[in-house]
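Student: I would like a close look at one part of this protein. Please start with the whole chain, then zoom in.

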Amino acid sequence: MHFSKDNPLQKFISILLFALFFQFCILAMPAWAAVSPTITAQPAAQAAEVGQSASFSVTAVGTGTLSYQWQKNGVPISGSTGATLNIPDVQGVNSGSYSAVVSDSAGNSVTSNAATLTVIDITSLSSITASSIAVDSSGKIYVVDTGTGTNTIKRMDADGTNIVTLGSGIVSPVAIAVDGSGKIYVADAGTNTIKRMDADGTNIVTLASGFSIDSGVANPCSVAVDSSGKIYVEVAGDGTIKRMDADGTNIVTLVSGFYNIAGVAVDSNGRIYFLDKNDNTIKRTNADGTNIVTLASGFSMPIGIALDSSGRIYVADPFNNAILRMDADGTNIVTLGSGYSIPYGVAVDSSGNIYVADNSAIKKIQTIYGVTYNSNGSDGGSVPTDVKNYVYGQNVTVLGNTGNLVKTGYTFAGWSTATTGSAISYQSGDTFTMGEDTVTLYAQWNPVKTLVNITTPAAITGVANGTAKTASALGLPSTVTMVTDRGNVQANVIWNVDSCAYAPSSTTAQAFTISGTVTLPAGVVNTNNVPLTTSISVSVNAVQTSAYALTITAGSGGTITEGSSGNYAAGDIISLAATADSNYSFNGWTSSNGGTFADSNRAATTFTMPAGATTLTAAFTYNGASGGSGSGGSSGSSSGGSSVSSGGTTVTGSVVDGTTGANVSNLTGTVTTDSNGNYTVSLPAAQTVTLQQPDGTVSPLSDLTKVSYVSAGGSSISVSADGTVDFSSLVKGTDNQYKITYDLGNGQTVTLGTLEVTVSSSGTVSLKCTLIDPYGIITDAATGKPIAGAKVTLYYADTERNKTNGKTPDTVVTLPGIDGIKPNNNQNPQTSDALGAYGFMVFPNTDYYIAASKDGYETYTSPTISVGQELVHWDFKMSTPVTGVRRLAGQSQVDTALAIAKANYTGTLSNVVLATADNYPDALAGSVLAYKLNAPILLVGSSEADQEKVLDYLKANLAPTENVYILGGTAVVSADMEDQIKAEGFSQITRLGGTDLYDTCSKIADQLQVKSGTPIVLAYGGNYPDALSISSIAAENQYPILLVQKDGISDVIKSEIATIKPSKVFIIGGEGVISSAVESQVEQITSLDKSNIIRIAGQDRYATSLAVTQYFNLAGQSICVATGNNFPDALAGSVYAANHNTSIILADGSLSDQVVNYLKGKKLTGATIFGGETVVSQGIEQQLGQLIGN
């Protein structure tokens, strides 16, 4: 069929075919070619007062019918499926971020921008009419009161009470600002000046004047202060913004040409914000006044401006009767409430509370938050509802599973801030501090576990005889391990101690079994019917009779033929016999420490052991060589031709405790001389290697074959087969020093101690040897009692010295076995004994660290322990873990110190350290001493009430026979206070006070009795922050803190440094507080290489505090925080921090980003704040809470 082009039928068919083709194309269009809806109007951020309504709307276009799903914080809101979301009765739980998902019928969707709903509460604090308002770090409010006819400055508490008038003599104040230390700055239009005063209105000084124009109009209209103390002034008359130093000097004009400006603020980067009433805008400029930009417009004569800690801007817009908030770039403008009447001023505190100077009222705007609970996948029950509204910093109590949520195959395990429980977890009744956002707590579900068996706990051995018949005294574990199909869990056990066979009154060794009943934990089922019982084996030692070292030795000319050196109990009877050599005769027995011989003149006799270490010596008389002249000790000739003195002379000496100087046992030697007048001294080697045992007794080292004596010249003397050592060729008038060394194998020796053999010019021989103390003691930081059963492991430290010597960092050290080194002959790892003792005799010239663990205690990791040639032992303390944020505070500095002491120590104390609460110098070095003494630092105030509090603590916690140490002279802790302490029955009082702070510091260092070579810390004596920053670190390491001047070291401190001979010197603070001249003096005194004089510093006290913390990086899993604006809280807390193996961060208004980043890396389990919220803010507490567990 033929169609012409004009045929109507042909046209109709063509149109029909095209329509069908187009419909086919639409149906066949691929999914990727579909067009999503487009949002043409986004929801806007807003604020609503509690109880008012709020709504969010979104406008969108797209294909077909559009559907909507509103979300809050990314979670769909049930039933909210329209273009507008209405919230009729706004409460704290509604605070959050809202967005809408818009979808078309084809399934394509788009999500709107998020819009924040800020819930607020506005309260009126006072009816004062004010033109300017400011708030300090403690929350006190300052206003310029314009309602009295004459402008005045008033201060009130954070709740509007206790209103006082300040600044008598200021003519006409128009604007006010407050700096970080509480000082007040006033723009006085009546005198065209800027004035400054203290927080109480006193000490008014004029910083700058002349702020007027030719007509005489007063023009300083606004004032602000930045964090460095620089002052900014708006001068309305000449349209400028000026900046000056804190003392009013160096005035420079930053901005000019704006003749109708009002309100100025400065952010943490130094950028300046101001209000321009000419064009009703907010403008911002760089710190040098360049690059002026307009951030926002549309106001009506804006006057007041403020910034919060995050940089958000707040504006008082009086003729729109509004308070506005916006982001730092001028976007996201939100109106904060309504009902204002020409508001002129606005201020923000560190907690985010907003204060408004309204026309006839001072108002406070608080952001309101809520807590919501999410079932997190439950299949039954309902979530609890918290109807309370919260403000920042308020405590929240976590609700329980009141709606009986259930989930098949799981048990309810509490709540968490994340769905997986990987954030912060809570149980019913726990509390946390509300932050700056509404909190959602998600139900946590643990899979149900099936019990397979119960692991029998390891046997307990070595229990001291007479231990009480209780589970805790016997050291029974409180939990046992259950093996389940989903891993191991711990289950509580109750031990049936009363029914076991143990008899505490028996003095013999006992072995017995104790049965226990196990409680099935929540989340574990026992479908296998495993008996819920267990048992544990326990062995108790027999009564340990105190044993004392007995050394039996023979002088020259004979041998001991009966009787053995060793440890004996007092009253033991030892049979003795001595045999004289040829040409000698027996000349009697002597004892160095009492005891009783049956007959000391008989070669064969018995000896009754005294209660103390003793040396018995058999003496012999030389009778002359065969054919020689008679008796009486006349000399004859020897085969070598030298004449020999008659028989030898017995000489005694001492084994001395190197720390206390006490004589702990005796040395007995024989001295002979040859014809040349040279002396030979023979000693039993066992006497010279005397070990201090953990129980206070002494005993010789068992294996003497590896012991040598090295002279100052490097000559080595070995022990003879008979156990003696001979020091020969000694001449009169010499002091002969020998290092006592032990061969560890592979050519490595360690120095155990020293032996000194002195021959006077008259020929008198004296002997002195140092006691060997290889044992470290582990104690409970809170009780001071030894910790038994701690697993102690020695590792190679990650140091350049170790790497250079081929040691692999963080690997366990393999040590040689040494008989007699308790508790297990030098093996690694080892377990501390009943006295808390452990002992490693290690390789020299190596760096180590120790890790220790025990149930109920935080794992301890030591700092790096550097070992040279001499033996090193490391005492340390273990603490129970700190979890969550803990604030230790009182109404005053004295009360805070007492609160710290009570939290730090439990039970009766042996020592207490007292320092003044009123000034810092004498107290700064006290932390190291207090830690050594296991003593709290209490602060003594000047008032009778404060002193009575300290006396009450002493009476409750310290026996009258124990020790009180007072730091400083009577000018800082009065003689009257000392008399009061004595009147309460305390007689052991030691005052460590010198002629000045440096002398006092030296006396405290002397009290530490540190070994030669101990590193020291130098800190500036003219201020407190740097010494406090290192106080806990120095305490744990027992590094004396010595105070110095900026440009020099006092003579008494120079002498102290020279005496200690430190191997390292740490200088805390930059050259602005301790100059390079001090470094040079240290080099001269110590002859140390510069690499061992280490300066740790930051730009200010807070940065220095962080630098110190980072350098030493103690391993404790908690942190301590104190104000850097005063000394008492950090001083009192220094020992607490040391006991928890952590440092003190000094803080101001908030934790810096650098501090936060450092603490994130530590993976904190807890934190402790020293002081109340006026010194360490709620904001810091909230920051710490967010860091814990993350």
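Student: Among contacts in the protein between residues at least 6 apart in sequence, what percentage join residues at least 24 apart? After that, take me to strand 23 and its surroundings.

Tutor: The answer is 60%. Keep in mind that this is a predicted model.

First, the overall picture. The protein has 86 strands and 17 helices. Its radius of gyration is 41 Å, well over the 32 Å that the globule rule gives for 1190 residues, so the protein is more spread out than a compact globule. The C-alpha trace covers about 160 × 95 × 70 Å along the principal axes. Of the 1190 residues, 48% are buried. The accessible surface is about 50,700 Å², and carbon and sulfur atoms account for 48% of that surface. As for charge, there are 91 negative and 58 positive side chains. The centres of these two sets are 4 Å apart.

Now strand 23. This strand covers residues 261–266. Buried here means under 20% relative accessible area. By that cut-off 6 of the 6 residues are buried, so strand 23 is largely enclosed by the rest of the structure. Its partner is strand 24, residues 272–276. The two run antiparallel and are joined by 5 bridges. One pairing to find on screen is Ala265 with Tyr273 of strand 24. The two strands form a hairpin with 5 residues between them. In that hairpin, look for Gly270, which has a positive phi near 85 degrees. As a general point, side chains in a regular strand alternate between the two faces of the sheet.

Two residues in other strands are worth setting beside this hairpin. Ile133 sits in strand 11, residues 130–135. Its relative accessibility is 6%, so Ile133 counts as buried. Beyond its neighbours within four places in sequence, Ile133 has contacts that include Ile141, Tyr142 and Val143. Others among them are Ile176, Gly345, Val346 and Tyr355. Gln1178 lies 1045 residues from Ile133 along the chain, and their C-alpha atoms are 22 Å apart.

Tyr795 belongs to strand 68, residues 791–796. Setting aside residues up to four places away in sequence, Tyr795 touches Asp810, Thr811, Val812 and Val813. Tyr795 also touches Asp847, Tyr848, Tyr849 and Ala851. Pro829 is 34 residues from Tyr795 in sequence, with 9.5 Å between their C-alpha atoms.

Methods. Residues numbered from 1 in each chain as written. Predicted model: local features only at pLDDT ≥ 70, side-chain atom pairs only at ≥ 80, totals over all residues. Heavy atoms only, no water. Helix = DSSP H or I, 4+ residues; strand = E, 2+ residues; numbered from the N terminus. Rg over C-alpha atoms; globule rule 2.2 N^0.38 Å. Buried < 20%, exposed > 50% of the residue type's maximum accessible area, 1.4 Å probe, protein only. Contact = heavy atoms within 4.5 Å. Areas by Shrake-Rupley, 256 points an atom, 1.4 Å probe, with all protein chains shown as cover. Lys, Arg positive; Asp, Glu negative; His and termini not counted. Charge placed at Lys NZ, Arg CZ, Asp CG, Glu CD. Pairing = 2+ DSSP bridges.
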